[in-house]
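Thanks for making the time this morning. I would like to walk you through one model, beginning at a single residue and working from there towards the interior, so please have a look at the structure first.

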Amino acid sequence: MTIENSNEKHEIRVQPIENGTVIDHITAGQALNVLKIIGKPGTSEGIMSVLINAPSSHGKKDVIKIEGREINAQEFDKIALIAPNATINIIRNFKVASKKQVQIPEHIEGVVKCVNPNCITNSNEPIKSNFTVNNENRNVFLRCDYCERIISENIADNLI
């Protein structure tokens with residue numbers, strides 16, 4: 001990105017990370033929801049960089065770089081629900097050690113809270129939420145296996 005001020009040009013760059021995770025191709029505007037999933041960096045962790053509405057060949061995207069931390073499988077699945085086009089890059093020694101596109105699961109358990117206040121999963125019963133995931137052209141819809149309520153918007157607001 002180049003910023004022009006008077007006759008000077010200044011380029012702002014995000015530094016490469018030695019070890020950690022880069023989450024790329026996040027749906028534009030969803031980076032803050034992804035941050036809710038992975039949490040804020042601890043004091044022992046390195047720098048976290050967040051790009052929102054960055055230019056992309058397909059329009060706009062968000063990107064998150066986390067130094068000194070690799071995301072786990074549960075975080076990976078949650079990210080897939082709100083950013084179905086995201087790719088997760090694990091960086092080791094400044095190089096991409098692995099690159100995976102998130103896979104939208106067919107079923108999730110204990111990850112999302114049902115929006116129906118009368119659902120048995122929202123009672124005092126020791127029952128985990130269960131959802132069948134419907135994926136139409138990478139648009140994610142969740143159907144509760146108990147009450148059949150559908151969540152199609154604001155999935156991030158209902159993550160457990």
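Let me begin with asparagine 158, which, leaving aside its neighbours within four places in sequence, is in contact with Val111, Val112, Lys113, Val115 and Ile151. This asparagine lies in the segment after E11, and it counts as buried because its relative accessible area is 17%, where the cut-off for buried is under 20%. Please keep in mind that this is a predicted model. The chain averages a pLDDT of 86, and 88% of the residues score at least 70. Confidence is lowest in strand E1, residues 2-5, with a mean of 47, and highest in E6, at 96.

Staying with this part of the chain, asparagine 154 is also placed in the segment after E11, and it has a positive phi of about 55 degrees although it is not a glycine. Glutamate 148, in the loop between E10 and E11, likewise is not a glycine and yet has a positive phi, of about 65 degrees. Is glutamate 148 buried or exposed? It is exposed, with a relative accessible area of 54%.

The strands I have just mentioned belong to an open sheet of four, in the order E8-E9-E10-E11, with antiparallel pairing. Strand E8, residues 107-109, and strand E11, residues 150-151, stand at the edges with a single partner strand each, so one side of each has no neighbour in the sheet. Between E9 and E10 the antiparallel pairing runs over six bridges, and glutamate 136 has asparagine 139, in E10, as its bridge partner.

Let me turn to the interior. The largest nonpolar core has 35 residues, and those with the most contacts inside it are Ile23, Ile38, Ile64, Ile79, Leu81, Val112 and Leu142. Among the elements that give two or more residues to this core are strand E3 (20-27), helix H1 (31-38), helix H2 (73-82) and strand E10 (139-144). Where does this core lie with respect to domain 1 and domain 2? Domain 1 (20-101) and domain 2 (107-157) both contribute residues, so the core lies between them. Isoleucine 23 may serve as an example: not counting residues up to four places away in sequence, it touches ten residues that you can pick out on the screen, including Val34, Ile38, Ile64, Ile79 and Ile88.

Two of the contributing elements deserve a further word. Seven of the ten residues of H2 are buried, so this helix is largely enclosed by the rest of the structure; the buried ones are Glu75, Phe76, Lys78, Ile79, Ala80, Leu81 and Ile82. At the start of H2, a side-chain oxygen of asparagine 72 reaches to within 3.1 Å of the backbone nitrogen of glutamine 74.

The other element is E6, where five of the six residues are buried, so that strand too is largely enclosed by the rest of the structure. E6 is joined to E3 by five bridges, the two running antiparallel, and aspartate 24 stands opposite threonine 87 in E6. E6 also pairs with strand E7, residues 95-101, in the antiparallel sense over six bridges, with asparagine 89 opposite lysine 99 in E7. These two strands, E6 and E7, form a hairpin with two residues between them, and asparagine 93 in the turn has a positive phi of about 55 degrees.

I will stop there and take your questions.

Methods
Residues numbered from 1 in each chain as written. Predicted model: local features only at pLDDT ≥ 70, side-chain atom pairs only at ≥ 80, totals over all residues. Heavy atoms only, no water. Core = buried A, V, L, I, M, F, W, Y, C linked by side-chain atoms within 4.5 Å. Buried < 20%, exposed > 50% of the residue type's maximum accessible area, 1.4 Å probe, protein only. Domains from an automatic or database assignment. Contact = heavy atoms within 4.5 Å. Pairing = 2+ DSSP bridges. pLDDT = per-residue confidence, 0-100. Polar contact = N/O pair within 3.5 Å; in protein donor to acceptor, adjacent residues only side chain to side chain.
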